[in-house]
Each structure stands twice: as C-alpha cells, then as structure tokens.
Amino acid sequence: MSHCKVPALIEAQVEMGSVNELEHKSLFRREDDSTQTKEASLMEQGSLSPSFHEHATKSPKNSVIKSIKIVILSNKLNLLLPFGPLAILVHYMVDSKGWVFLLSLIGITPLAERLGYATEQLAFYTGPTVGGLLNATFGNVTELIISIFALKNGMIRVVQQTLLGSILSNMLLVLGCAFFCGGLVFHQKDQVFDKGIAVVNSGLLLMAVMGILFPAVLYYTHSEVHTGSSELALSRFSSCIMLIAYAAYLFFQLKSQSSSYSRLEEEANQNEEASGEDEDPEISKWEAIIWLSILTAWVSLLSGYLVDAIEGASVSWNIPIAFISVILLPIVGNAAEHAGAIMFAMKDKLDLSLGVAIGSSIQISMFVVPFCVVIGWMMGEQMDLNFQLFETAMLFITVIVVAFFLQEGTSNYFKGLMLILCYLIVAASFFVHEDPHQDCSGVKQVGSSLQADDFTNTKFWGEV
C-alpha cells in the first residue's frame, strides 16, 4: 500500500507544480497584454493625433482603384481638390495673381486634411516613438512647406507672420470655436478638462514666447554686442534649445508613465469604443507612404504658386501682406484641426480638443518656427526669431489670455465666445497694420495699400 501511495503523491505534486506554472505564465501574459495595451493607446496631445494607435492587425490589401476611393473619394472636403489644377491653369492662361492665390488657397485645404489622414494610417504600423515623430513632421507640413518656399524667395516676414498666424488661429479661433460649440451642446453644465496638462501646455507656450521675445527686446533696446549679428546668433541658439525642449516633450509624452496621460489615453479609447468606429487601418503601410509622397509633392507644387501670388494678391485686393500671412494662410493649415477640435468638444471630450488646438500651437511654436530658423541658416537666409514688436506683443498677450482661460480647468460657451472675439480683434489689427519691415521683393515696405495711394497721387499730380 505504501508503494502505491508514493506514485500518487508524486503525481499530485507534479499536477500542483504544473498548475502553479500555468498560473505564473498566465500572470506574466496578462502583464504583457496590459503593457501592450497601454503602449498601443496614444492620443494626440501636442504632436499625436487622437486616433493614433499601434496595432498588430494585418495590413489590408487594396487595389489601386479601392485605395483611390478610400483616400480621395471618401471625404466631402475633397470636392475642393479641382481648385488646385484650376489655379495652375489660371496662372498660365490669365496670370491673375489674385485668382491664382485664392484658387491655390482653396485647393490646398483638402490636401492638408488628407496629409493628416495618411499620417494617421501610417502610424498604425509604427511604434509610438516613430509615430510621434511622424505626427510632429507631417502634423503641420502644409505650413512648413509654404514657409520653405517663402524662405527660398527671401520672404522672411511672410514666413514669420504665417507661423505666427497659425499659432494665434489655433489658440483663439480653433479653441474658441471648440469651447463655444461644446458649451452650446452642454449648456446646462461647465465642461471639464485636465487642468494639470493644460498648465504644462501653457508653460510650453510661454517658453516659446520667451524664445521669440528676447531677440526682439535685444533689437529694440539696441543692446547688441555685435550690431546685426548678435540678434541672429541668439535666435539660432534659442532655436536649437527649443528643438531640444520639444524633443524632450515628445519623449515625456510617449515614454512617461504619468497617470494624467494614462487617463487621457483611456478616455481616447472609450471615446472610440463609444463611437463604434473601426480602429483597424484602412490602407496598407506602403499605400500610406505612397499617398504621403503624392500629397506632399502636390502641396509643394501648389505652395509654389501660392507664395508667388501673395504679392500680386496684396496689390490687386488692396490688402496688406501681413493680413494675408497672419489670417488667410493659416486657415488652410488649420481646417482639419478646426473640425476635429469642434467634433471632440461636442462629444464632451475637451481634453482631446485641447490636444488638437493647443497641441498644434505647441508644435508650431516649439518645432516648426525653430526648424525654419535652422533651415534658413542652412540656406544662407537670415531667418531669426525677431518677429518685430507688434507681432511679438500680439503673441505674448494671446498666450496670457489663453492661459487665464485654461487655469480653472473648465469651459463654457461664454469663454469660447470671448476667445473668438479676441481673434476678431487680432484680425482687425493686422488688417490695418502696415509692416515697415516687409522683406518681399517687388513690394513696397510700407505695404500694398500705400502703393495704391502713391499711384493715385502720382496720377493726379501728373494730370494737374
């Protein structure tokens, strides 16, 4: 009997050991699954889009026709795509700068939105870090391409004012419309967002203001050690520091285990699950790469015609170049962000709206602006961070106003209305502003409106 009990005991111990081993493996498997799930759910907070996810799903195999249908024909905004070729035809047939500028502006609008879509599709197949860099690069690629073309033409003031306009538009118009529309839908309560992340974003924007403010102060106080070169040297050094700060921000956002960002990621996942949208990619990785290349090339082509027509449009419409650069051009690049921020606010997802609006402002001020300074350095252009006194003061006041509106962590339609009205004041200010430092070739430095007046006066005195 004792001999029979021994094997039984051994079998029991083996079974218990196998059960413990299985539980141990399943525990590790659950931990691995939880870490993979956490890494897979990344939302846009400054550089990442709300639908950014990492998936292990299979890549869809689409034919060329189906891919065109998905990318081109699935969005109603793409009805504006024919305006791009029309602008090129008008350029060669009529050569009306005003019409070329307007048609190019309308034609680039859907391309900016499709670039964001292709970037999100490609981000499905990359890791968090690569996806963050992709969104940082292509998130505002429209403004970046327009700026590079303007730099090639020596239009440094147009570059500065266009990027400034994008920051102002995102902080005042986009965020204001999001607060206003969300407040109207949820008018019986104040919408709530994460105050801690809003404070961090406000700090980054103030750092960007610091980088832009000091070269202007150095210039206007005439306290340069080497006149004409100290300001440029400070701008280039500050740009490198700002790029390092933005890289650290990306690393913090992607690798940090902060509970605040984890809570936002869970909110993004719940939002997508509630909407019932398919989280799988619609196009394959190589399709996304090809479409990114095609769309970037098309945006580059239209940007060339757009930049060449700015001066003529300013003269023919009798509108200052500052107003075109600060108000009209940023509307193109911010069209997709505008719609996305309003959509999230109307679903009571204000953290995502802030990630789109304020995040895009951080991306432009901390990445695109210093990157353009570095690119101008390589091209031999004296692009600096001295945005001149009027523009710098406008940016500083705007950041302060937005920071005050965000400090409570709540929003309503009244705050949104105030931000929209502030943007109208900004637009009116640039409409009557004559830039004495305009660098554009062929355009008088005091603006196109004075050109028209001077021509009228000359003609009058000639007749007399």
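I took a residue as buried when its relative accessible area is under 20%. The model I examined is a predicted one.

**Entry 1. Overall composition**

I began with the whole chain. By the above criterion, buried residues make up 51% of the 464 residues in the protein. I then listed the secondary structure and found 18 helices and 2 strands. For the contacts with a separation of 6 or more, I noted that 83% join residues 24 or more positions apart.

**Entry 2. Helix α2 and its cover**

Which residues of helix α2 are buried? In this helix, residues 64-71, I found S67, I70 and V71 to be buried. Their arc around the axis is only 85°, so they lie on the same side of α2. I next looked up what covers them, and the cover includes α4 (97-123) and α11 (285-308).

**Entry 3. Helices α4 and α11**

Since both helices appear in the cover of α2, I examined their mutual packing. The axes of α4 and α11 come within 9 Å, and I recorded a crossing angle of roughly 160°. Angles over 145 degrees count as roughly antiparallel, and α4 and α11 are therefore roughly antiparallel to each other. The crossing in which α4 passes α11 is left-handed. Sorting the residues of this contact by class, I obtained 17 nonpolar, 6 polar and 4 charged.

**Entry 4. Helices α8 and α16**

I turned to helix α8 (residues 195-220) and helix α16 (residues 388-406), whose axes are 10 Å apart and pack at an angle of about 165°. That angle makes α8 roughly antiparallel to α16. I noted the crossing of α8 and α16 as left-handed. On the α8 side, I listed K195, A198, S202, L205, L206, V209, I212, L213, A216, Y219 and Y220. These meet Q388, L389, T392, L395, F396, V399, I400, A403 and L406 of α16. By class, I entered 16 nonpolar, 3 polar and 1 charged residues for the contact of α8 with α16.

**Entry 5. Helices α9 and α15**

For helix α9 (residues 230-255) and helix α15 (residues 350-379), I found axes that come within 9 Å and cross at roughly 135°. This makes α9 oblique to α15, because an angle has to be over 145 degrees to count as roughly antiparallel. I recorded the crossing of α9 and α15 as left-handed. From α9, the contact draws on S235, R236, S239, M242, L243, A245, Y246 and Y249. From α15, I listed I362, Q363, S365, M366, F367, P370, F371, V373, V374 and W377. The classes in this contact of α9 with α15 are 13 nonpolar, 4 polar and 1 charged residues.

**Entry 6. Positive phi values**

I checked the backbone for positive phi in residues other than glycine. H222 has a phi near 55°, and I located this residue in the loop between α8 and α9. Is H222 buried or exposed? Its relative accessibility is 70%, so H222 counts as exposed.

N318 has a positive phi as well, near 60°. I placed N318 in the loop between α12 (310-317) and α13 (321-333). With 41% relative accessibility, N318 counts as partly exposed.

Conventions:
Residues numbered from 1 in each chain as written. Predicted model: local features only at pLDDT ≥ 70, side-chain atom pairs only at ≥ 80, totals over all residues. Heavy atoms only, no water. Axes fitted to C-alpha atoms, helices over the stretch in contact; angles between N-to-C directions. Helix = DSSP H or I, 4+ residues; strand = E, 2+ residues; numbered from the N terminus. Parallel < 35°, antiparallel > 145°, perpendicular 65-115°, else oblique. Left-handed = near helix turned anticlockwise from the far one by under 90°. Contact = heavy atoms within 4.5 Å. Nonpolar A, V, L, I, M, F, W, Y, C, P; charged D, E, K, R; others polar. Buried < 20%, exposed > 50% of the residue type's maximum accessible area, 1.4 Å probe, protein only. Arc of directions from axis to C-beta.
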